[in-house]
Structure formats: structure tokens, C-alpha cells
Amino acid sequence: MRQLAKHWLTQLLGVSAIDAGARRSLAASLTASTGTIALGAIVSVTLSFVIARQSHDSLLLTLVGGFAFLSALRIGLRSCLKPDPDPRSRYKEKLFEAASWSFAALTGLFTFLTLTRVDDATLHVPAVALAAGYASATACRNAGRIRVPIGQPLLCIVPAALGLWMVGALAYQLLALALVIMLVGLVEISAGTHRIVGNALREEHEKSLLATKYERLARFDSLTGVENRMAMQIRLREIFENNRRSSDAVAILWMDLDRFKEINDSIGHLIGDYLLCAVAEKLSEALDGRGHVARFGGDEFILICPGVNRAGAQAIAADVLDYFRDSFEIAEHTLSVTASIGIAVAPQDGRDVDELMQHADMALYEAKGSGRNRATSFTWSMKDRFSRIHDLETGLRKAIANREFSLQFQPIFDYTSGKVVACEALIRWVHPKLGSIQPKEFIPIAENIGIITELTDWVLAHACAAALDWPEDIRLTVNMSPALFQSTDLPRMIISHLMATGLPARRLELEVTENVFLVDQPRTSAMLLDLRKIGLRLALDDFGTGYSSLSYLSAYAFDTIKVDQSFMRDVRTSAENQAVVQSIIFLAEKLGMDTVAEGIETEDQQAYTRETGFNFAQGFLLCQPVRREEIARLLREEMEIDTQRSRRPSKIMRRIA
Ligand code: C2E
Ligand code: MG
Ligand code: MG
């Protein structure tokens, strides 16, 4: 019933439901100034006192006391009401409201009694004015809360109108009607004002809610809930602004998950997302209030630690890496993830935000380059190395188009026949400004900037074409970067070059290092199997430098093992190297694989490796890497000598014989 009445009243007055925020603001408008209340009180008390005094009516005089008491109460309460009062002091608000309602009722009663008990028209006029005045003042001031401008005028006007009607004279009754009409007008005006004010406040409230929502979206990373890149930069700028005066330290730890892309690609992006959330959580735990976590993007997080010096930053980094020792349990997957961290500390490592960020990024790059799963602090010497890397990166992007690459070929000899069995294609790059750059330096950069496929494509095209000039029994070996095994394009690319040049697949051998198994083993195995199906030979290059797991040898059926040149250096003196070399030879023989001794530089190394049982040898002692024309000439020469069965050994053969 109450609900129905409320609904009816709402419809009647055109006052729609107002949300809590707008209602609070409207209610705040109720607590108008103390001055207005005081003015109303003075008028009411004075007028009622004059009327009571003139009429000599003791009841009216008593009511004047009521006016005085309620006025004092309202003024007193109003002056201690705060805009947003403490819930414990809400009773004051309630008391103030009760006093106001009582004041309205008292005004109505006073006017009614004056009209009905006093027979003096000169006193009737101020009494009616008192009720009408209070009613209109309430209606005007209290449009904020709709029941006040309707209820309180009602309490004033209805008794006054009733009193006027009861006096009986026509003029009085007309005035009673006028008062009722005035009441309707007041209600209508108040409702209208309330509606307008309410709508305006609601709009403002909605806008402020929307602003809060967008501010949150703009500041926080939607996936992990930590601050995003923009908020992080703002925070850092603020810290720098404050530190300009105090020159306090601030540390940045730039963290990147190791091999996140592989996890993401192999297990799926959803698990990757869960992993990022778990990482954000772990970072916050590891930080333990020493700084703020932000997600920079992808799998990169930044920890900002105000007031933390280098030692403190290193301690935080150690704690973070420690947290990564436990694997992550995500949706039935147990993921072992490691992280690399670059540290830069202001003011030593950077004078502004951009410089500090750039240096933390450099330190991270260094941490990745030196083996991952570690934290590295920025040093100024890194800057020179980075500017070189930057020059090489830019140079590499243009190098193919500028025809700056070339190939050299180094023969691999058979110890038994003394003849060349294969030639390894080795890329050469002459940078227009920096000169000749070693492949060991630029190949990792090419992998990093994603142009290794393009580069290998170029190598295959030129190497396959060069091999067509050689005798048919001589193989071509080409180095394959592990990065190529991350996409499925490799077999297709190789087939297209074999078809384009007409080089038989059996003449091409691919050299891969053990690093290829660090990445997504099942996919790599499948691809190696595909390559073998094409008819290609596979060689395990630089064996002994990587994981050196003998299990690869049996599991992947390589045709050739190339034992790294580092084993040749002190092979006569190092018992350890001898043991390794001998066990590789033993195993390779059992598995039916050929063995190549790499980096043969001395007669002694040559003699030792031949005695130990290596099938093949490669090294500067036997032949340096040479250009395409030169290798073709040398191989032709060797073939001619062979067919003439001459006893004169060739330039190359001389070394082996
Ligand atoms: P690798 O595949 O082990 O190639 C043999 C490296 O040893 C070559 O260095 C060769 O010049 C060098 N070498 C040969 N004999 C001797 C010797 O007696 N003593 C010494 N000290 N070194 C010798 P290079 O050409 O500088 O290549 C270095 C590495 O760069 C290669 O090692 C290979 O991993 C990579 N690389 C070269 N060309 C390519 C390429 O086309 N693609 C890819 N992905 N990597 C390549
Ligand atoms: Mg090689
Ligand atoms: Mg090698």
C-alpha cells in the first residue's frame, strides 16, 4: 500500500527515481544557510509574540515559547551539521528535521488558533501572513527533498485555511481558497524544481561514475590488474619531479619472462594470459611493499622502487628470481618459467625517466644475452655496445638489398681418402662503415630482429647455386639457426631452393647446433624428421659446447657430428678433452655417424684426430674458407688430378696426405 502510494505520488509529481548519489546531493541542499533559518526564526517569534501579546491569549503565548525553543534548536543544530556527517552524528540531522516539521506544524496551529480564538482582524492578517510566509519559504528552499516542500507547507496552510473558513466571512473564505490554490502552486513549483535539480545532479553523478570508470581503465592493465605502461610512466615522472629536490634514489627493474612466446605458442594464449596474471601476483608478493608493479606490455613488467639504491634493487631482483624457482600451476599445466631482469638506478644511471628506462632496457638485453634467468645492472660501458648493436641492426635490415653479403666455402676432408667430401657455406658481411663483421656477432642480431629467415633464404639460394659448379659427389653444408625451427616454413623454403637450382637433396646437409633442442622439442623433432624425409642429411654442429646431451645423438639419427674446435686446442694435453672426444667417437661409430674434427690448425691436432678415429676434418691448416670461384677452381683441380692419377698432390690435398 505504502509502495503504491509512493508510486502514485511520484507519478503525480513527475519525480522519477533518483539514484543514491543524486539523492545525497539533493539532501545536502536542505541544509541551507543558518542565516536564512535565523531570519525566519526572528520573524516567526516576533510576529507570534506581537499577536499573542495583543490578543492576551495565554495559549498563544505558550506557543510563542514553542517557537522560540524550536528556533533555538534548529539554529543550534544547523550550525553543527557537516555536509557529509559522520554516521554516528546522524541523529542531529534527524533531530533538525523533526524540529523543522514541528516548526511547520506549530506555525499552522498558531495561525488556526489565532483565527478561531481571537476576534481581531488586525491580528488575523499577520497570523495568515506568518503561515503563508513560512510555507513559501520552505517550498523555495527545500526543493532538494520533495516531502519537505510538500509536507511542511501542507502543515502550515491547511490549518490556516481551515481557520479562515471557520471564521465564516466571505472575504475569509475567499482567502482560505486562495491559500489552498497557493499551496497547489507551491507543490507544483517545488516538484518541478526538484525534477530539474534531480536530473541535473543525476547527469553529473553519471558523468562522474563514467569518469571514474575510464580513469581506472586508463590506469590499470585489464588482464593482470596491475598498473599499465601509461600509469607507470606518470608515476615515474612524479617520482623524478619530487626527487629533483631531494635527489633520492629510485630503482627500475625491467623484467621479461624467458621464452614466453614459446609457452604461449605451444600451450595456447589463454594459458599464457593466466600465466601473466600469476606472474603479476608473484611480483607483488616478491616486492612486498618495496615498490610498484606495472605491466609494460606482452610479458614485460616494470618494478618501480622509490628510495631504493643499487644494493636494494639487486636484493629485490634476487627475491623475484627466487619466486620463479617454483613452477607455476596453471590449469593442469606445470610451467617452469624463468625471468631476466635489467636494473637501472637513478640518479647514477639516468638523469630523467627516458634515460633511466632506456638503460634498464639495455641491462635487460644484456641479461638475456648472457644466458637469461638472471638480473643485470646497467653499466655505462653497455651504452657503446648497444650503439654498435643498433648500427648493426639498422645495417642488417638493408644489407641484402645493398648486396653487402657474400659467401665463402670451407672444405671438409675425408681422412681415409684425403679428398674433399663437403664444403660448408659461411656467410660474410662487410658493413659500409664498420667493415667486416663476424657471423658470430651478426647472426644473433639477425635472429633477434626477425630477419634470419630472409638471410637463410639468401644463403640457400647462393650456396645451392654455387654447389652446382662442384663435382657431384661433394656435398654442400649450410648452417641453420635454431630460430628457423620456430616457424614451419623451413622445409618448404629448402625444397623451393632445391627445385629452383636442381641440386639433389642428398647433396645438401643442414648443420644445426644443440640449441635447437632448447626450443619446443616436439616441433623441432617433427621438423627434423620432415627434413630427413626430403632426403637431406643432418649434422650436429659445434658438439660439446651446448647441452652436450648424448641422448640427442641416438634420438635424432644425425648423419654427422661436428666436434667443436674448442676440443682441438689442447687435445694432446687435456685428459678431460681426450676423454670427451674419445667417447663421442665411440658412440658415433656405434650409431653409424660420421665425425668431423672442427678447427684443425696444427699438424699435431690433425695427427691426433686422425689417430683417435675421426672420419673427417675441417680447419685452417687444411684450407681457409674461400670465395665461390676459388672453391670451384680448387675442387676442379682436385678432380683433374684424381682423374689423371697424378702423383702430384694438390694444394689442398698436400695437407691431408
Ligand atoms: P661453424 O658453423 O662452426 O663454422 C665454422 C667456423 O669456424 C667458421 O667461422 C670458420 O671460419 C671457422 N674455422 C674454420 N676452421 C677454423 C680453424 O682452424 N680455426 C679457427 N679458429 N676457426 C676456424 P665463421 O665463418 O666466422 O662462422 C662462425 C659461425 O657463424 C659458424 O660456426 C656458424 O655457427 C655461424 N654461421 C656462419 N655462416 C652462417 C650462415 O650462413 N647461417 C647461420 N645461421 N650461421 C652461420
Ligand atoms: Mg657449421
Ligand atoms: Mg661448427
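**Exercise 1. How many disulfides does a search of the whole structure find?**

*Solution.* Let's begin with the result of the search: the whole structure holds zero disulfides. Keep in mind that you are looking at a predicted model. As a reminder, a disulfide is a covalent bond between the sulfur atoms of two cysteines.

Now try one cysteine yourself. Step one: find the cysteine sulfur nearest to that of Cys423; it belongs to Cys623 and is 8.1 Å away. Step two: compare this with the cut-off, which asks for two cysteine sulfur atoms within 2.5 Å. Step three: conclude that Cys423 is in no disulfide.

**Exercise 2. Decide whether Cys423 is buried or exposed, and do likewise for Cys156.**

*Solution.* Start with the cut-off: buried means under 20% relative accessible area. Cys423 has a relative accessible area of 0%, so Cys423 is buried. Cys156 also counts as buried, because its relative accessibility is 0%.

**Exercise 3. Describe the surroundings of ligand 1.**

*Solution.* First, take the neighbours. Ligand 1 is surrounded by 23 residues, and the closest are Glu424, Arg428, Asn479, Asp541 and Glu601.

Second, sort this shell by class: eight residues are nonpolar, seven are polar and eight are charged.

Third, see where they come from. At least two shell residues are supplied by each of β9 (420–431), α15 (439–448) and β13 (537–543). With four residues, β9 gives the most.

Fourth, look at individual atom pairs:
- An oxygen atom of ligand 1 lies 2.8 Å from a polar side-chain atom of Glu424.
- A polar backbone atom of Ile427 is 3.2 Å from a nitrogen atom of ligand 1.
- In the side chain of Glu601, an N or O atom is 2.5 Å from a nitrogen atom of ligand 1.

Finally, consider the surface. Ligand 1 exposes 780 Å² when taken alone, and the protein buries 87% of that.

**Exercise 4. Which residues coordinate the magnesium ion (ligand 2)?**

*Solution.* Begin with the donors: Glu424 (OE), Asn479 (OD1), Glu511 (OE) and Asp541 (OD) coordinate this ion at 2.0 to 2.2 Å. Next, write their spacing in sequence, which is E-x54-N-x31-E-x29-D.

Then place two of the donors. Glu424 lies in strand β9 and Glu511 in strand β12 (residues 508–512), so this pair ties together parts that are 87 residues apart in sequence. Both Glu424 and Glu511 are buried.

Last, turn to the second metal. The magnesium ion (ligand 3) is 3.8 Å from the magnesium ion (ligand 2), and Asp541 coordinates both.

How values were computed: Residues are numbered from 1 along each chain as its sequence is written. Chains are lettered from A and ligands numbered from 1 in the order in which they are written. This is a predicted model: local features need pLDDT of at least 70, side-chain atom pairs count only at pLDDT 80 or more; totals for chains, interfaces and linings use all residues. Side-chain values use heavy atoms; hydrogens and water are left out. A residue is near a molecule or strand if one of its heavy atoms lies within 4 Å of it. A polar contact is a pair of N or O atoms within 3.5 Å; within protein, one must be able to donate a hydrogen and the other to accept it, and residues adjacent in sequence count only if both atoms are side-chain atoms. Accessible areas come from the Shrake-Rupley method with a 1.4 Å probe; for residues, only the protein chains shown count as cover. Ala, Val, Leu, Ile, Met, Phe, Trp, Tyr, Cys and Pro count as nonpolar, Asp, Glu, Lys and Arg as charged, and the others, Gly among them, as polar. Donors are N, O and S atoms within 2.8 Å of the metal (3.2 Å for Na, K and Ca); water is not among the atoms, so sites may look incomplete. Buried means under 20% relative accessible area, exposed over 50%, partly exposed in between (1.4 Å probe, protein chains only).
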